[in-house]
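Trainee: I have a protein model open and a list of terms I half understand. Could we go through it together, with me asking how each term is earned?
Mentor: Gladly; let us put it on the screen.

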Amino acid sequence: MRFLHTADWHIGRRLYGYDLTEAQKTAFAQIEQIALDQHVDGILLAGDLYDRSLPAETAVTTLNEMIQKLNLTDHLPIYAISGNHDSATRLATGAPWYPATQFYMVTQLEAAFKPIELADTQIFSLPYFEPFAAQQYFDDAGLVQLDQCVAAVVAKMKTKFDPTKKHILIAHFFVSGSATTDSETQLTVGGLAAVPAATLRDFDYVALGHLHGKDALHEPKMRYSGSPVKFSLSEAQQQKGVFIVDTEPFQLTFIPLKPLHDVHKLTASFDELMTPAFYEALPLTDYFGLTLTDVKPIPDVMARLKTVYKNILSLDRANGYTLPETLQQKTLEHKAPLTLLSDFYEEIAKEDLTEKQLQWAKKALAEANKAVE
Ligand SMILES: [Mn+2]
């Protein structure tokens, strides 16, 4: 059989404040076309459909339209699980009657042990879960870490293996040794929540979600599809896309997606960045993370850069920043308050206090002194 593996759509997500709805719709249209062109038997959707557990109404509408197109218009079966960004309960609204159109939405651990039976393949859908859920399900308080929980889950799944069929697992967690980016929510600190790849090797394919880069894990039959859209500057170099998985004979093909607006990192001096010969060759409607090599202050730097680069995600300095001399910390001298005031005025206004201003200052200082006495 042939499947399309995708994950981490994160509908409703923003990129450094920029709305990604159109970018996500563009990516979806390509995914749909790939599924049709490749004549896949179904879509494996490995969690994090929404960006948050309480998605905005526009996000709900957007995802509903996508699922509807794939499932009701294109008649493609969908095998989906919830991820750590989804609310399992909200995502499961309607789930009991979805299978009528071959839309399988699994959000509870106990459903993972009832594989979806296809002609020659069993699909095991393991939604994102906390160790507590496994402790309750197996009635075993010893299941503290995720690796122990997943080992118990996989052992039980194997008792359901039909030896005449292929076995696919859809899951959403961190497999040890995978490479992360800035846009994934760390599930725990210290790596306790990592699952060793060895635990999963009895499946014919493991369709993973959670990490946003397709190269996060290099296992022959185990992959993160990655997100369809770039969600952070740390993903600037990544190629986004989907995997086409053939089960017999096994074959894995990556098909790239073309971004609506790509994400780039640029390091240059302010003058270079503002030189037409430099920027005219660049796709200026894309997103840019800019790093300036200058060390001197540049007045109105952001506003001036934005006249050329409309979508700036971040602006920083490669070599630090030298404060103007007048703002540098000077050795403090003990001076009378009136002297400090007139020195300050002179530095800012570039002229001395007038006789009248001096009188006002004296009077104000005298009042201030009176107030603290
Ligand atoms: Mn994710």
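Mentor: Start just past helix α2, which is followed by His75, a residue with a positive phi near 55 degrees. Keep in mind that this is a predicted model.

Trainee: What makes the phi of His75 worth pointing out?
Mentor: The phi is positive, about 55 degrees, although His75 is not a glycine. His75 lies in the loop between α2 and β5.

Trainee: Why is His75 called buried or exposed?
Mentor: Count the neighbours: His75 has 9 other C-beta atoms within 10 Å. A residue is exposed at 12 or fewer, so His75 is exposed.

Trainee: Which other residue that is not a glycine has a positive phi, about 45 degrees?
Mentor: That is Tyr16, in the loop between β2 (14-15) and β3 (18-19).

Trainee: And how do you know which exposure class Tyr16 belongs to?
Mentor: Tyr16 has 14 other C-beta atoms within 10 Å. Exposed needs 12 or fewer and buried needs 20 or more, so with 14 Tyr16 is partly exposed.

Trainee: Why does Val153 count as buried?
Mentor: Val153 has 25 C-beta neighbours inside 10 Å, and the cut-off is 20 or more, so Val153 counts as buried. Its place is in helix α5 (residues 146-158). Leaving out residues up to four places away in sequence, Val153 touches Ala112, Leu126 and Ala134.

Trainee: How far apart are Val153 and Tyr137 in sequence and in space?
Mentor: They are 16 residues apart in sequence and 9.8 Å apart in space, C-alpha to C-alpha.

Trainee: Back to α2: how do you know its span is close to the expected one?
Mentor: Helix α2 covers residues 57-73, which is 17 residues. At 1.5 Å a residue, 24 Å is expected, and the first C-alpha to the last spans 22 Å. The two values are close.

Trainee: Which residues of α2 are buried, and what covers them?
Mentor: The buried ones are Ala59, Thr62, Met66 and Leu70. Their cover includes α1 (21-37), β4 (42-46) and β5 (78-81).

Trainee: What makes strand β1 mostly covered?
Mentor: β1 runs over residues 2-6, and four of its five residues are buried.

Trainee: How do you know that β1 pairs with β14 and with β4?
Mentor: Two strands pair if there are at least two bridges between them. Four bridges join β1 to β14 (residues 241-247), running antiparallel, and four join β1 to β4, running parallel, so both pairings pass the cut-off. As landmarks, His5 stands opposite Phe243 in β14, and Leu4 stands opposite Ile43 in β4.

Trainee: What holds paired strands together in general?
Mentor: Strands of a sheet pair through backbone hydrogen bonds, either parallel or antiparallel.

Trainee: Why are β16 and β18 called edge strands?
Mentor: The open sheet has the order β16-β17-β18, with parallel pairing. β16 (263-268) and β18 (311-317) each pair on one side only, and that is what earns them the name. Between β17 (residues 287-292) and β18 there are six bridges, with Tyr287 partnered by Asn311 of β18.

Trainee: What makes the peptide bond before Pro249 notable?
Mentor: From Glu248 to Pro249 the bond is cis, with omega near -5 degrees. Pro249 lies in the loop between β14 and β15 (250-256).

Trainee: Last one: how do you know where the largest nonpolar core lies?
Mentor: That core has 77 residues, and those with the most contacts inside it include Ile43, Leu44 and Val206. Domain 1 (2-256) and domain 2 (263-317) both give residues to this core, so it lies between them. Seven residues of domain 1 are in contact with eight of domain 2, while the domain centres are 37 Å apart, taken over C-alpha atoms.

Definitions and conventions. Residues are numbered from 1 along each chain as its sequence is written. This is a predicted model: local features need pLDDT of at least 70, side-chain atom pairs count only at pLDDT 80 or more; totals for chains, interfaces and linings use all residues. Helices (H or I, at least four residues) and strands (E, at least two) are DSSP runs, numbered from the N terminus. A nonpolar core is a set of buried Ala, Val, Leu, Ile, Met, Phe, Trp, Tyr and Cys residues joined through C-beta atoms within 7 Å. Domain bounds come from an automatic or database domain assignment. The expected span of a helix is 1.5 Å times one less than its number of residues. Two residues are in contact if their C-beta atoms, placed from the backbone, lie within 7 Å.
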